Amino acid sequence: MTHETSTDDLRERLCVKTSDGWTLRPPGESSRGPRWVIVESMADLPEAARRHGIGEHAIALLLHKGPGAHPSSADHPLRARLDRSPDGEFVLTAPTLSFVEATNDVNTGALTCVVGKEVVLMCELGDADVIGHAVEKLTGGYPVPDEGVHQVLAAVVLSLVAEASDVEIALGDAVADVERLVFSSARHHNPLEKIYDLKREIAEARRALGPVTSVLPELIAEAEESRERRHSQPWLGRAVAWVDRLDKHLDGYDDLLGDMLSVHLSQVSVRQNEDVRKISSWAAIAAAPTLVASIYGMNFHHMPELSWTLGYPLAIAVMGGVCFTLYRLFRRSGWL
C-alpha cells in the first residue's frame, strides 16, 4: 500500500482514502508536480522505486548491490548514510527515536528515503511516526522550507529532529525524577537500577543521533552542489545545530546521572558506616553486663559480696549504671 501526493498543494489538502491506498490529493485530481510515495514494507521499496521512475543505480543501492549499498535489514536503527547515484538521485537512511513514558524506554526505528527529481519514496519502521508528523506539517499550513521533493524531505527531516527533541525532553524529566529520588530522605528507595537504566537509554539515544549528525552535512554538501538549491542550506544548517544541541543535552544528562551515581554510592557508604557504629555501640553496651555476669558466674569460693545481703542488687545496679553511662557517651558522640 502506498500514499501519493503532489507537493503543489500539500498545505491545503488532507489525506483521503482511495481504492489503492491513501493519498494527500482528492481522488481524480491530475497527478501534477512532484509526488510523495509512502511504502509500508522495505521489501516493496525497490519495486515501488522502479515503478515511479527511479534510476537503476539508486535501486541497486536499495537492493544491496554495489558501493554504499544499504544494510540488508530494514530495521537497522544505528546505521545512517546518504548515498548518491550518478543520475543525481540519492538514498537516505536515518534512525528515528520514540519514548515510552510508562517504562522510560527509548525505542529506535529507521527511515529510508529515495529522492528523485519528481518523486520521493519513503519507508519507516518503528514507533516514531515521523512520516505522520511530516504529513501534519505539510497539510496543516505550517511553514516548511525548500520546494518540490526537497520540501517533503525538509518536512520529514525536521519532524525526525523534532521527535528526537521530544525524546530528549522526556529523558530530562526522567533524570529530574531520579535526582529527587536520590536525594530523598526515605531510605527504602534504591535508585541504582533506575540510574543505570536511564544511562542505557541515553546511550541508545546518542547512538541514534550520532549518525544523523554525519548525514545532515552531506545533505548540505548536496545542496551546495546544486545551484537551484542554495536556499536549502539555511534550514539544513539549523537542523545540524539542533541535533548538536540535543546531543550536548543528552551528554549533560549522562554526566548528571554519573554524578548522582557517585552521590548515591557515597550515601550508601555513609549509611553503612552509621549502621556499623550503631552495632558497635550496642555491642559495647551489651558487653559490660556480660563481663560482670561472667565473672560472678565463675563460682569461686572467695569472691566479694557473696555473703552480702545487698550483693545481688548492687551487682545489678552496677551493670545498669555502666550500661547507662556507655549509652550517654555514645549518644553524645553521635554513634547512637
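Helices (at least four residues) and strands (at least two) are here DSSP runs, numbered from the N terminus. The model is predicted.

**Exercise 1. The chain as a whole**

Task: State how many helices and strands the chain has, what percentage of its residues count as buried, and what percentage of contacts join residues at least 24 apart.

Solution. Step 1: the secondary structure consists of seven helices and eight strands. Step 2: the chain has 336 residues, of which 42% count as buried. Step 3: the contacts to consider are those between residues at least 6 apart in sequence, and 62% of these join residues at least 24 apart.

**Exercise 2. The packing of H3 and H4**

Task: Determine which class of orientation describes H3 and H4, and which residues make the contact.

Solution. Step 1: helix H3 covers residues 130–139 and helix H4 covers residues 149–182; their axes are 8 Å apart and form an angle of about 120 degrees. Step 2: angles of 65 to 115 degrees count as roughly perpendicular and those over 145 as roughly antiparallel, with oblique as the class for the rest outside the parallel range. H3 and H4 are therefore oblique to each other. Step 3: their crossing is right-handed. Step 4: H3 contributes Val130, His133, Ala134, Lys137 and Leu138 to the contact, while H4 contributes Gln151, Val152, Ala155, Val156, Ser159, Leu160 and Glu163. Step 5: sorted by class, the contact of H3 with H4 comprises seven nonpolar, three polar and two charged residues. Step 6: a general point helps in reading such lists. An α-helix has 3.6 residues a turn, so residues three or four places apart point the same way.

**Exercise 3. The span and burial of two helices**

Task: Establish what distance separates the first and last C-alpha of H4, what distance separates the end C-alpha atoms of H7, and how many residues of H4 are buried.

Solution. Step 1: the expected span of a helix is 1.5 Å times one less than its number of residues. Step 2: H4 has 34 residues and reaches 50 Å from first to last C-alpha, close to the expected 50 Å. Step 3: helix H7 (residues 311–333) has 23 residues and should span 33 Å; its end C-alpha atoms are 33 Å apart, in agreement. Step 4: of the 34 residues of H4, 26 are buried, so H4 is largely enclosed by the rest of the structure. Step 5: in H7, the buried residues include Gly311, Ala315, Met319, Cys323 and Phe330. Step 6: just after H7, Gly334 takes a positive phi of about 90 degrees.

**Exercise 4. Positive phi outside glycine**

Task: For Asn104 and Asp129, give the phi value, the location and the exposure class.

Solution. Step 1: the background is that most residues other than glycine have a negative phi. Step 2: Asn104 has a positive phi, near 55 degrees. Asn104 belongs to the loop between strand E6 (90–100) and strand E7 (105–115). Step 3: partly exposed residues lie between the limits of 20% and 50% relative accessible area. With a value of 30%, Asn104 is partly exposed. Step 4: Asp129 also has a positive phi, near 55 degrees. Its loop runs between strand E8 (119–125) and H3. At 42% relative accessibility, Asp129 counts as partly exposed.

**Exercise 5. Pairs separated in sequence**

Task: For Leu291, Val263, Ile279 and Ile38, state whether each is buried, partly exposed or exposed, and give the C-alpha distance to the partner residue.

Solution. Step 1: Leu291 lies in helix H6 (residues 232–296) and is exposed, with a relative accessible area of 52%. Leu291 and Met319 are 28 residues apart in sequence, with 9.2 Å between their C-alpha atoms. Step 2: Val263 is also in H6, and at 30% relative accessible area it is partly exposed. Val263 and Val182 are 81 residues apart in sequence and 8.0 Å apart, C-alpha to C-alpha. Setting aside residues up to four places away in sequence, Val263 touches Val182 and Phe183. Step 3: Ile279, likewise in H6, is exposed with a relative accessible area of 60%. Its partner Trp335 is 56 residues away in sequence and 9.1 Å away in space, C-alpha to C-alpha. Step 4: Ile38 is in strand E4 (residues 35–39) and counts as buried, at 11% relative accessibility. The C-alpha atoms of Ile38 and Cys123 are 6.0 Å apart, although 85 residues separate the two along the chain.

How values were computed: Residues are numbered from 1 along each chain as its sequence is written. This is a predicted model: local features need pLDDT of at least 70, side-chain atom pairs count only at pLDDT 80 or more; totals for chains, interfaces and linings use all residues. Side-chain values use heavy atoms; hydrogens and water are left out. Axes are lines fitted to C-alpha atoms, for helices over the stretch in contact, and angles run from 0 to 180 degrees between N-to-C directions. Angles under 35 degrees count as roughly parallel, over 145 as roughly antiparallel, 65 to 115 as roughly perpendicular and the rest as oblique. A crossing is left-handed if the near helix is turned anticlockwise from the far one by less than a right angle, and right-handed if clockwise. Contact means heavy atoms within 4.5 Å. Ala, Val, Leu, Ile, Met, Phe, Trp, Tyr, Cys and Pro count as nonpolar, Asp, Glu, Lys and Arg as charged, and the others, Gly among them, as polar. Buried means under 20% relative accessible area, exposed over 50%, partly exposed in between (1.4 Å probe, protein chains only).
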